[in-house]
Amino acid sequence: MSALVQDGQYASLPNGIRLHYASAGERGQPLLLFLHGFPEFWFAWHEQLKAFGDRYFAVAPDLRGFNLSDMPHEVSDYRPKLITQDIEQLIAHLGYRSCVMVAHDWGGAIAWNIAINQPDLLSRLIIINATHPYLFAKALASDPLQQQASAYMNWLRASGSEKALAKDQFRVMEQLMLGMGRPSDHWFDEATRQRYHAHWARGLTGGVNYYRATPLYPPTAEDPGAGKLSLNPADFHCHLPVRVIWGMQDKALLPQLLNELPVLVDDLIIERLPEATHWVVHEEPERVTELIERFLYE
């Protein structure tokens with residue numbers, strides 16, 4: 001039986017940020033925290049909230065800069081350490097010391113940072129099409145195929161990209177959501193479209209600022225991007241159990257980003273979904289839920 005999902009809840013954090021969140025289940029059950037990416041919001045996880053609310057306190061926030069959460073104005077307000085702080089304080093606000101985290105895209109980037117730098121906050125991590133930061137930096141600096149796949153990041157970093165994204169009733173945004181293959185999938189129905197348009201209409205600058213604030217972006221003729229970083233892989237080792245679900249038709253994050261992951265994660269299982277794209281959570285929600293279920297009880 002599906003659990004009831006309740007949105008319209010807010011957490012006022014000690015750092016001054018207020019996050020909106022949706023949840024299913026009761027406080028006191030183990031915390032299962034879902035983090036979305038760009039250009040999404042909490043609703044990306046609605047099927048999973050319903051599926052796990054009978055056994056967990058399943059919570060999906062709108063990240064800083066998205067939908068109904070606070071949207072600070074400065075690019076510097078979107079530095080990774082500040083987003084990570086939001087999640088640390090949200091866990092405490094909800095009354096927990098740790099959780100199981102399920103994360104996709106930018107949410108996955110945050111989750112990797114937490115798993116590497118604050119592992120006490122997590123009992124295990126389930127990643128969905130979100131690359132390990134060291135491997136992403138390495139690929140952006142040296143892999144022409146990933147540089148090409150990530151070229152859109154520099155477009156988003158440019159001034160005024162949010163205006164281009166909003167033009168013609170969010171035409172580019174819809175292309176982003178639907179232009180990665182699998183045209184036969186109809187998850188972006190009219191009701192879902194209206195939800196996403198309402199979210200995007202609240203503002204796109206916060207979401208775009210994630211790209212502007214990160215040091216991980218592909219090089220250009222004027223800027224070496226991630227190539228200017230000097231990173232030690234030993235600083236990015238993860239000792240937590242990590243389970244990865246990966247849509248192998250992802251055009252933005254290429255499958256070769258998985259190749260060296262076993263070197264950096266002690267306890268790792270990767271489940272590759274051959275037909276799915278970056279939007280695997282929408283394309284194959286039952287399969288994603290099934291895999292999360294399996295990973296929770298291994």
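Here are some short exercises with worked solutions on the structure above.

This is a predicted model, in which local features need pLDDT of at least 70, side-chain atom pairs count only at pLDDT 80 or more, and totals for chains, interfaces and linings use all residues. Residues are numbered from 1 along each chain as its sequence is written, and side-chain values use heavy atoms, with hydrogens and water left out.

**Exercise 1: the cavities**

Find how many cavities of 30 Å³ or more the structure has, and state which residues line the largest one.

Step 1. Start with the term: on a 1 Å grid over the protein atoms alone, a cavity is a set of points where a 1.4 Å probe fits but cannot get out, and lining residues have an atom within 4 Å of a point. A volume is the space filled by probe spheres set on the points, which are joined across faces, edges and corners.

Step 2. Searching the whole structure gives two cavities of 30 Å³ or more.

Step 3. The largest cavity holds about 40 Å³ of space. Its lining consists of Phe38, Pro39, Gly65, Phe66, His199, Trp200, Gly203, Leu204 and Gly207.

Step 4. Now sort that lining: five residues are nonpolar, four are polar and none is charged. Here Ala, Val, Leu, Ile, Met, Phe, Trp, Tyr, Cys and Pro count as nonpolar, Asp, Glu, Lys and Arg as charged, and the others, Gly among them, as polar.

Step 5. For the second largest cavity, the volume is about 40 Å³. Among the residues lining this second cavity are His36, Glu40, Trp45 and His282, and the full lining has three nonpolar, four polar and one charged.

**Exercise 2: unusual backbone**

Locate the cis peptide bond, then say whether asparagine 129 is buried or exposed.

Step 1. The cis bond runs from phenylalanine 38 to proline 39, with omega near 0°.

Step 2. Proline 39 sits in the loop between strand 3 (31-35) and helix 1 (46-52). Helices (H or I, at least four residues) and strands (E, at least two) are DSSP runs, numbered from the N terminus.

Step 3. Asparagine 129 is a residue other than glycine with a positive phi, near 45°. Its place is the loop between strand 6 (122-128) and helix 4 (133-142).

Step 4. With 0% relative accessibility, asparagine 129 is buried; buried means under 20% relative accessible area, exposed over 50% and partly exposed in between, using a 1.4 Å probe and protein chains only.

Step 5. For a second case, take aspartate 168, which also is not a glycine yet has a positive phi of about 50°. Aspartate 168 belongs to helix 7 (residues 161-178) and is partly exposed at 48% relative accessibility.

**Exercise 3: aromatic rings**

Work out which parts are tied together by the pair of phenylalanine 34 and tryptophan 45.

Step 1. Rings of Phe, Tyr and Trp (its six-membered ring) pair if their centres lie within 6.5 Å; planes under 30 degrees apart count as stacked, over 60 as edge-to-face and the rest as tilted. The structure holds 19 such pairs.

Step 2. Phenylalanine 34 and tryptophan 45 make a tilted pair, 5.1 Å centre to centre with 40° between the planes.

Step 3. Phenylalanine 34 is in strand 3 and tryptophan 45 in the loop between strand 3 and helix 1, so the pair ties together parts 11 residues apart in sequence.

Step 4. Both are buried: phenylalanine 34 has a relative accessible area of 0%, and tryptophan 45 has 1% relative accessibility.

Methods
On a 1 Å grid over the protein atoms alone, a cavity is a set of points where a 1.4 Å probe fits but cannot get out, and a pocket is an open set with protein on both sides within 12 Å along at least five of seven lines; lining residues have an atom within 4 Å of a point.
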